[in-house]
Amino acid sequence: MKLGTAAILISGAGQLGSRYLQGLVKCRVPLKIYVQDVSEESLDRARQRWSEVLGPESRHEASFGTTFDSLPRQLDIAIVATTAHVRPQVVGEIASHSTVRYWVLEKMLAQSEIGLDEIVVHIGKSSNAWVNTPRRMFSWHKQIKSQLGLNHPMTLKIDGGLWGLACNAVHFLDLLAWWTGETLQEIHTDRLNPHWFEGKRPGNWEVFGMLEARFSGGSQALLSAGAGEVFYSMAASDGRQSWQINEIEGWARRADGIEIPGRIPYQSELSSVLVESILESGRCALPTLAESASLHRVFINGMLEHWKRAGHSDATFVPIT
């Protein structure tokens, strides 16, 4: 595209949205950034974080508001970083107000299959929308992927404590889909704890136990979470070679001793790379909405059935975000 000033919306100025905003200060393309959130408290935090990175002195212009009234009719990128339960509604409001060239959506995409369908309808079936499961962007994980071999079905195991299985499973399911090129076919929840508990965010629920996911080429993911500290470890094998990956400590180690050091970048480090890639090429490394919605659909339906069995038989959505 012509690299003039680009119009960027960030809807949802909470912890993640405000980190998106901070990262945009590094963009080489001049930006007009519209930050929207229904919470004045969240907007105040976003203003503060924008000031912390000297945003007001940068080449970019940022404005903050509780509605979409000030949005232009043409947006280059809409970043939707709200919580999952309002995301379909927010996407619809944005789409009805502005023509959006490109979309970046946070996970969870929605809390029900109906919500997923609403998002797809509002955005359309174009490939100009992506979902932020960002391990596909990490140079470290690209190095790991290049060493995997991938000649056989893979098994990915996640073991840990209070790492947020319901909320964060999609990240690891997408990682295995990216590694293998396979699609998620089914999840099994019979080894999850029948009792859910309320998470850190009000109205958001979590669960302990093991989730089993099966993919189209025979690969599988076994995701386990329990009580205690916030930690997790990863193990990956294709039957010939195996890897241990510790994202917290920053190493990936193959059974024969080969080691790849690395780190997980912050969202504020990824935002400018993501936005510049989209503006300059119309592409990025994230999964498309179609790819991610397919994965979300299997996951949400399976988790909703488990939620129903936990005493919510009339539920139409599963409260994870």
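Reader: Which residue in β3 does V35 stand opposite?

Author: V35 of β2 stands opposite F64 in β3. This is a predicted model, in which local features need pLDDT of at least 70 and side-chain atom pairs count only at pLDDT 80 or more, while totals for chains, interfaces and linings use all residues. Residues are numbered from 1 along each chain as its sequence is written, and side-chain values use heavy atoms, with hydrogens and water left out.

Reader: What makes β2 and β3 paired strands?

Author: A strand is a DSSP run of E of at least two residues, a helix a run of H or I of at least four, and both are numbered from the N terminus. Two strands pair if DSSP finds at least two bridges between them. Strand β2 (residues 31-36) is joined to β3 (residues 61-65) by 5 bridges, so the two count as a pair. They run parallel. From β2 the chain crosses through helix α2 (residues 40-52) to β3, in a right-handed β-α-β crossover.

Reader: How many bridges join β1 to β2?

Author: There are 6 bridges between β1 (residues 6-11) and β2, and these strands run parallel. One bridge partner pair is A6 and L31. The path from β1 to β2 goes through helix α1 (residues 15-24), and this crossover is right-handed too.

Reader: Why is a crossover called right-handed?

Author: Look with the strands pointing away from you: if the path from the first strand over the helix to the second runs clockwise, the crossover is right-handed.

Reader: Why is T82 called buried, and T316 exposed?

Author: Buried means under 20% relative accessible area, exposed over 50%, and partly exposed in between (1.4 Å probe, protein chains only). T82, in the loop between β4 and α3, has 14%, so it is buried. T316, in the segment after α8, has 57%, so it is exposed.

Reader: Which residues does T82 contact, and which does T316 touch?

Author: Contact means heavy atoms within 4.5 Å. Leaving aside neighbours within four places in sequence, T82 contacts S11, G12, R87 and V90. With residues up to four places away not counted, T316 touches S112 and L304.

Reader: How do you know that the span of α7 agrees with the expected one?

Author: The expected span is 1.5 Å times one less than the number of residues. For the 15 residues of α7 (residues 267-281) this gives 21 Å, and the end C-alpha atoms are 21 Å apart, so the two agree. After α7 comes G282, with a positive phi near 75 degrees.

Reader: What makes a set of residues a nonpolar core?

Author: The members are buried Ala, Val, Leu, Ile, Met, Phe, Trp, Tyr and Cys residues joined through side-chain atoms within 4.5 Å. The largest such core has 70 residues, and I94 and W103 are among those that touch the most other members. Helix α6 (residues 165-180) gives the largest share, 11 residues. A second, separate core of 31 residues includes A6, L21, V35 and W50. In soluble globular proteins, nonpolar side chains tend to be buried together.

Reader: Why is the pair of W163 and F172 called edge-to-face?

Author: The search finds 7 aromatic pairs. The rings of W163 and F172 have centres 5.5 Å apart and planes at 85 degrees, so this pair is edge-to-face. Rings of Phe, Tyr and Trp (its six-membered ring) pair if their centres lie within 6.5 Å; planes under 30 degrees apart are stacked, over 60 edge-to-face, and the rest tilted. Both W163 and F172 are buried, and with Y232 they form one aromatic cluster.
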